[in-house]
Structure formats: structure tokens, C-alpha cells
Amino acid sequence: GLSRWQKEIGKEKKREHLHKMPAEAMATVKKLTEEALLQSLKIADKKEREKQFSQIKEKLLAELFSKEATAEKKFSTRDIQLSFKELSSQLMRQSILKTKKRVDNRSLEEIRPIDIIPGLLPRTHGSALFTRGETQAIAVCTLGGENMAQRYEDLHGDFTHRFYLQYFFPPYSVGEVGRSGPPGRREIGHGTLAEKALRAVLPDPEAFPYVIRLEANITESNGSSS
């Protein structure tokens, strides 16, 4: 099997560049920030909570790496930042297990409110606005004739898709400035996943002989938009 193959032709793993976080760095970060982080985890609003986390982190770095501090001789800023991230994650998980509530005060079984408005766009063949919590998508359906199918080729020849879904995640959906251009690998992957999920419920070509193009435009994202 694989273990025998590894012994025969495998190479030793390169561990000389493996960075291990010093336990002392974690202990220092815990001592200086644990109480403040626990208080911040009680804030349900995500933006306000992240703002508090950022302030705690800035205060920590200033305290350890100011001109008067001596900690810079013991730790690197990288060690402290990694320790801070690890500690905040640990405390968040412990809080969820202890209180049975997530940081936004939802229970373990509770999902975000889901709202669907069909027929949002009057001139399209079909449309809907999906909102779940702070994540939102406008889905648009367009129908066409056979010559409008999406063409593709593989090792076996040229073919067409009579149904295809295209997913777009513009930078403004997460409050960022960025270039809008051809879809990236993430967008193509998300679109393909959604396409596969819906393919099973498509009507037979004999009953519905149209090419179907679906477009999912993410207008806001806080959580999974896929």
C-alpha cells in the first residue's frame, strides 16, 4: 500500500523550516488579553465585535513592542499575532460549547432568517431576491433556443449544456474595492456546484425544449453565499 511505497521511494519531510509557536508567547498573550477577549465575545454585532478584537490586538502589540518594552527580544510580532488568533479562536469555541449559543446569540439549531422575493425584475424570464441574514443574491433566469446553449469541449469531442448557472461575487458585496473582470476559479467552482445541485430537478427536454441560463449575483455577503 501507500506506506510501503513511502518506505521504498519516499523522501524525508523537510521540517527544518517548520515554525513552531513558542508556548511562552501564547501564555503572555493569554495573560494580557483573555479577559478583554471574553468580554468582546459577548458582543452580538459582528462589525462591533471585530472592531473590539482589533483594538485589543493593537493594544497588545503596543504593550509588547513599544520602545520601553523588552518582549521584542523574546518574541517576534508573528508569534504574538499567531498566538492572538489561536487564543481568540479557542475562547470562541469554548464559549459556544459552554453556553450552547453562537457569538451572534443564535442557538446551535437556529438558522438565520431566510427571505425570498420572486419576480423581482419585471422584464426577465424569471428572477428572485434571496436574503439570508446579511447575505443576499439576485438570481436571474433567461431562456433561449437551442443555438443559445453553452458550448464546451473535452477529450471526447464538442458538446453543449442546455442548462448552466453562472455565479458572480463582485468586490462590493463584501465592502471592498477591486477589479471586475472574468470570473475567477472560486466563482466558477461555486457556479458549478449550484448547477449540479439543480440539474436533477430540470424538466425533460421534450416537455421544456429551452436552454436555461441562471445567473446568481451576490449583492451582500457575510457568511457563505454559495
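**Exercise 1. Strand 1 and its partner**

Which residue in strand 2 stands opposite Ile117?

Solution. Start with the model. It is predicted: local features need pLDDT of at least 70, side-chain atom pairs count only at pLDDT 80 or more, and totals for chains, interfaces and linings use all residues. Residues are numbered from 1 along each chain as its sequence is written, and side-chain values use heavy atoms, with hydrogens and water left out.

Next, the elements. Helices (H or I, at least four residues) and strands (E, at least two) are DSSP runs, numbered from the N terminus. Two strands pair if DSSP finds at least two bridges between them. Strand 1 and strand 2 (residues 126–132) run antiparallel and are joined by five bridges. Ile117 stands opposite Leu129 of strand 2.

**Exercise 2. Build the sheet**

In what order do the five strands of the open sheet lie?

Solution. Walk across it.
- Strand 2 meets strand 3 (residues 135–144) through seven antiparallel bridges. Leu129 has Ile138 in strand 3 as its bridge partner.
- A hairpin with two residues between the strands links strand 2 and strand 3, and Gly133 in the turn has a positive phi of about 65 degrees.
- Nine bridges pair strand 3 with strand 7 in the antiparallel sense. Gln136 stands opposite Glu220 in strand 7.

The full order is 1-2-3-7-6, with mixed pairing. Strand 1 (114–118) and strand 6 (163–168) are at the edges; each has a single partner strand, so one side of each lacks a neighbour in the sheet. From one strand to the next, the twist averages 15 degrees. Angles run from 0 to 180 degrees between N-to-C directions; axes are lines fitted to C-alpha atoms, for helices over the stretch in contact.

**Exercise 3. A helix on the sheet**

Which strands does helix 5 touch?

Solution. Contact means heavy atoms within 4.5 Å. Helix 5 (residues 185–199) packs on the sheet and touches strand 6 and strand 7 (211–220). The direction of helix 5 makes about 140 degrees with that of strand 6.

**Exercise 4. The other hairpin**

How many residues join strand 4 to strand 5 in their hairpin?

Solution. Strand 4 (residues 150–154) and strand 5 (residues 157–161) run antiparallel, joined by five bridges. Glu153 has Asp158 as its bridge partner in strand 5. The hairpin passes through two residues.

**Exercise 5. Two helices**

At what angle do the axes of helix 3 and helix 4 cross?

Solution. The axes come within 11 Å and cross at roughly 145 degrees. Now list the contacts. Helix 3 gives residues including Phe53, Ile56 and Leu60, and these residues of the two helices meet, with Ile80 and Phe84 among those of helix 4. Then sort by class. Ala, Val, Leu, Ile, Met, Phe, Trp, Tyr, Cys and Pro count as nonpolar; Asp, Glu, Lys and Arg as charged; the others, Gly among them, as polar. The contact has eight nonpolar, three polar and one charged residues.

**Exercise 6. Positive phi in a loop**

Where is Lys100 placed?

Solution. Lys100 lies in the loop between helix 4 and strand 1. Lys100 is not a glycine, yet has a positive phi of about 60 degrees. Asn105 is also found in the loop between helix 4 and strand 1. Asn105, again not a glycine, has a positive phi of about 75 degrees.
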